[in-house]
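Thank you all for coming; I would like to walk you through one structure this morning, going from the outside inwards and then along the chain. Please keep the model open in front of you while I talk.

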Amino acid sequence: MVDEKKVNQVADSRNGVEHGDPSGDPSGYELPLLLFAGFRSLIDQLHAELARQGHPDVRPAHGFAMQAIGLDGATAATVGRRLGVSKQAAGKTVDRLTALGYAERTADPTDARRKLVRLTPHGLDALARSARIFDELRARWSATLGPDRLRALETDLRTVTPPDTFTLDAEGWLGGP
């Protein structure tokens, strides 16, 4: 909302349309906003519950970084590539995860010159709890929408989302490297 009006108020007022187009369909810009609002709602609920379960310092970026580190560990450069950010940005996130006790740097057994980032038991616990909480949140959506509608929504989103294009590259969306 901008000044109690829709974000794209200029486009709508230019077209003389108060809401959507004359056919009754919503304006095109509403779809990404609704998808983002659904995403944000799930993430915010996840983090509120994680905080209640003993992980008050985990932020969305940390969750993405822990996923990028994975169960086998990764170098900071690999984490950066997986996230679509620079090695330096990944290094800062890894530093924060290390300071919070979610990750640790260890020697790479295959190359003594490299350091691997590995998740600690605390980090693994946060990821395991996240998975359970996401299952609970999905169950709530299913109860609200109905299981068939939720499965249809998920199927439809898989249809319009190419499987090989999912990355965690949020910085790239916003004009980053």
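**From the surface patch to the core**

Let me begin on the outside, where L31, L35, L153, L157 and V160 make a nonpolar surface patch of about 440 Å². The elements that give two or more residues to this patch are helix 2 and helix 7, the latter running over 147-160, and helix 7 provides the largest share, with three residues. One of the patch residues, V160, sits in helix 7, and with a relative accessible area of 64% V160 is exposed, because the cut-off for that class is over 50%. I should say at once that this is a predicted model, so please hear everything that follows as a description of that prediction.

Now for the overall layout. The protein chain has eight helices and two strands, and read along the sequence these follow the pattern α-α-α-α-α-β-β-α-α-α. Of the 177 residues in the protein chain, 28% are buried, and the accessible surface comes to about 11,800 Å², with 58% of that area belonging to carbon and sulfur atoms. If we take the contacts between residues at least 6 apart in sequence, 47% of them join residues at least 24 apart.

With that in mind, let us go inside. In soluble globular proteins, nonpolar side chains tend to be buried together. Here, the largest nonpolar core has 22 residues, and the members that touch the most others are V58, M66, I69, V79, L97 and Y102. Which elements give two or more residues to this core? They are helix 2 (30-52), helix 3 (60-69), helix 4 (76-83), helix 5 (87-100), strand 2 (111-119) and helix 6 (121-145). Helix 2 therefore appears in both lists, that of the patch and that of the core.

M66 is a good residue on which to centre your view. Leaving out residues up to four places away in sequence, M66 touches V58, L97, Y102, L119, G123, A126 and L127.

M66 also brings us to helix 3, where H62, A65, M66, A68 and I69 are buried. Why do these five residues lie on the same side of helix 3? They cover an arc of only 155° around the axis, and that is what places them on the same side. It may help to recall that an α-helix has 3.6 residues a turn, so residues three or four places apart point the same way. The buried residues of helix 3 pack against helix 4, helix 5, strand 1 (103-108), strand 2 and helix 6. Just after helix 3, the backbone at G70 takes a positive phi of about 75°.

Let me turn to the charged pairs. A search of the whole structure finds eight salt bridges, and I will show three of them, starting with D95 and R105, whose side chains meet at 2.8 Å, N to O. D95 lies in helix 5 and R105 in strand 1, so this pair ties together parts that are ten residues apart in sequence. Both partners are partly exposed, D95 with a relative accessible area of 41% and R105 at 37%.

The second pair is R113 and D111, whose side chains meet in a salt bridge at 3.0 Å, N to O. Is each partner buried or exposed? R113, at 75% relative accessibility, counts as exposed, whereas D111 is buried, with a relative accessible area of 18%.

The third pair stays within one element: R129 forms a salt bridge with D125, the closest N and O atoms being 2.8 Å apart, and both residues lie in helix 6, four residues apart, which is about one turn of the helix. R129, at 23% relative accessibility, is partly exposed, as is D125 at 26%.

Finally, let us stay on helix 6 for one more residue, S130. At 12% relative accessibility S130 counts as buried, because the cut-off is under 20%. Apart from its neighbours within four places in sequence, S130 is in contact with L46 and L50. I will stop there and take your questions.

Conventions
Residues are numbered from 1 along each chain as its sequence is written. This is a predicted model: local features need pLDDT of at least 70, side-chain atom pairs count only at pLDDT 80 or more; totals for chains, interfaces and linings use all residues. Side-chain values use heavy atoms; hydrogens and water are left out. A nonpolar core is a set of buried Ala, Val, Leu, Ile, Met, Phe, Trp, Tyr and Cys residues joined through side-chain atoms within 4.5 Å. Buried means under 20% relative accessible area, exposed over 50%, partly exposed in between (1.4 Å probe, protein chains only). Contact means heavy atoms within 4.5 Å. Patches are made of residues with over 30% relative accessible area and no salt bridge: like charges are joined within 9 Å, nonpolar side chains (Val, Leu, Ile, Met, Phe, Trp, Tyr) within 5 Å. Accessible areas come from the Shrake-Rupley method with a 1.4 Å probe; for residues, only the protein chains shown count as cover. A salt bridge is a side-chain nitrogen of Lys or Arg within 4 Å of a carboxyl oxygen of Asp or Glu. The arc is that of the directions from the helix axis to the C-beta atoms.
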